[in-house]
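Me: I would like to learn how to read a metal site and charged side-chain pairs in a model like this one. Could you take me through them?

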Amino acid sequence: MKQIQHATLQALAALVLIGNFVSVAGAADPPASPAVDPAFAADLARVRDAAANSDWAYRRLEELTDRIGPRLSGSPGQAAAITQVAAALRSLGARVTLQPAKVPHWIRGEARAELTEYVGRPAGLTQTLHLTALGGSAATPVGGLATRVIVVHDFAELQAHASEIRGHIVLFDAHFNQFWAESGHAGNAYGSAGEYRFRGPAAAAKLGAAAALVRSIGGADYRLPHTGITRWDGQTPIPAAALAAEDADLIARLAQQGPVTMNLLLTSRTLPDADSFNVIADWPGRQHPDEVVIVSGHLDSWDLATGATDDGVGVMGAAGVIEILQKLNLHPRRTVRFVAWASEETGSQGAQAYFDSVKGALKTQCAAIESDDGAGRALGIAAAVSKDSREILKPVLEALAPIGASILKPEEGEVGADIATLQESGVPGFAPLVDSRHYFDYHHTAADTLDKVDPGNLKTQVATMATLAYFLAERNDCLPRVPVEAPAAH
Ligand SMILES: [Zn+2]
C-alpha cells in the first residue's frame, strides 16, 4: 500500500510539476552522475538512510508542541522554546550559542464581532462572526466599533470607493486560489491573496477607515479564521482582523442587497520590543570550520495553536540534520550550522541580527537551507542557485531518488523569509520542496497542531535536508555565488 501511495504521489508530482520543475532523476531511471567519488556517494546514501529511519526530529517536535505550545515572538512560550531547543542541540554535542535579537511583542486580546443591520434582518436578531485579530492590530474603542462595512475585492475597488471609506470598516474579500495550490503553486496562491492581509489594512487606514477586515487566506473552509502579520508601512495602526471565509461570503452576499452594519471589538496591544534569541548550534567542520552551511527553520509561531506545521516541523527537521551527523559521527569539511530563527512571523528580526553578524564575512556563508513550507512529503529540492550549480547538484538528487525526493525546482528569488537577506547577497539558498497542496488548510489557525504532521513525511524532509547539507559541506568548494542583480539605474 505504501508503495502504491508513493508511486501515485510521484506520478502526480511529475504531472502537475511538468514545465515548472526540472525532474532530474526518478527512482526507476537514475541519471548519469557527474564524477563523484564512490565513497562520497556512499556517505550521502548513509546520511539519507539514517535520516529516513530516525524519529528524533518528530520526538523533539512532540516535546515542543505538547510541552510548550504557542511561541509568538516576545511571549513566555517563545522563551521556553529557546531553552528547550538549545538543550536538545547541546545534548547532541553541538556548540550552541544564543544570538540576541529584539523582537515585536504583540498581544492578541479578544476579538468579537456581529452583524447588527442588514436587509431583511428580523428584529432582535444579530449574526455572530468568526474572526481573529491580525498581528500588529490596534484595539477598537473599549465599547467596540459600530459602523458600516464596505466590501472590496482588490485595491482598485478600494480606490473607487475612496470617498466612502472614512469612519467605516473595509472588508477585503480576496479569495485564496486552491486550484493553484493543488497544481504545485501554493506559494503563489498565498502571496496573491496575502497581498490584502499584508497591505490592505494600511491602505484602508490611509483612507481613514475605522478598521479593516480580510478574508482568511486558506485552502479549506472549516470556518477557521487564519491570522498573520499585517504591515503598516508608516500608517498608524487601526483594528485589523481576519474573518473566516464563510463569514466573508455572508457579508459579501448581504452587502449586495444593501448596507451592512457591524459591531466589532478587538483588544489587541503592542508592547515594547522584547529580548529574544536565535539559537545557533554548530557541528564543526573538520577542514574549514569557519565556513558554514546553514540548516534552519523558525522557532516562533502564531499564538492560536502549537505551530506544529508552521514551523515546528521545519525547525525540528533542521535540528534533525545535526542528529544524523552526530549519530554517524560524520564531520564534513565545513561546519553545518543549525539556526532556529527568532521571529519569522513578525518580521524576521532574528534573521536580520544574524545577517548583521556575518555581513562583514559573507564568504564564510557557503549556503543556506530553510524549511518553512509545511509538513508535506519531500519531493525534492527548491534551489535558488546559479545555472551551472544545477548540474553540480545531481549527485544529491540521485541520492534522494530512492525516497522519491529527486525533483530540482530552480527558483529565482527568496526560498525562505529568514535566509532572504543572505540570498540577496549571493548566498545559494535552498528549501526542501514539499507537497504543499494542503499546507494552507490549517496555516495560522487554531488547528495547526501535532496531529497534522505525518511522521513519515517529516523523515523525508530530514533526509532531504541532511543529504543536501552533507553534500554542500563536504564538497571541495562552496557552490558558485548566485549573481546579484545590480540596482537599476534611473
Ligand atoms: Zn512559517
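Reply: What follows goes from the metal site to the salt bridges. This is a predicted model, in which local features need pLDDT of at least 70 and side-chain atom pairs count only at pLDDT 80 or more, while totals for chains, interfaces and linings use all residues. Residues are numbered from 1 along each chain as its sequence is written, and side-chain values use heavy atoms, with hydrogens and water left out.

Me: Which residues coordinate the zinc ion?

Reply: Donors are N, O and S atoms within 2.8 Å of the metal (3.2 Å for Na, K and Ca), and sites may look incomplete because water is not among the atoms. Here His298 (NE2), Asp310 (OD) and Asp372, the last listed with OD twice, coordinate the zinc ion at 1.9 to 2.6 Å.

Me: Are histidine 298 and aspartate 310 buried or exposed?

Reply: Buried means under 20% relative accessible area, exposed over 50%, and partly exposed in between (1.4 Å probe, protein chains only). Both histidine 298 and aspartate 310 are buried.

Me: How many salt bridges are found in the whole structure?

Reply: A salt bridge is a side-chain nitrogen of Lys or Arg within 4 Å of a carboxyl oxygen of Asp or Glu, and the search of the whole structure finds 24. In one of them, aspartate 247 meets arginine 223 at 2.6 Å, N to O; aspartate 247 is buried at 1% relative accessibility, whereas arginine 223, at 34%, is partly exposed.

Me: Which residue forms a salt bridge with glutamate 323?

Reply: Lysine 327 does, with the closest N and O atoms 3.2 Å apart. Glutamate 323 counts as buried at 7% relative accessibility, whereas lysine 327 is partly exposed at 45%.
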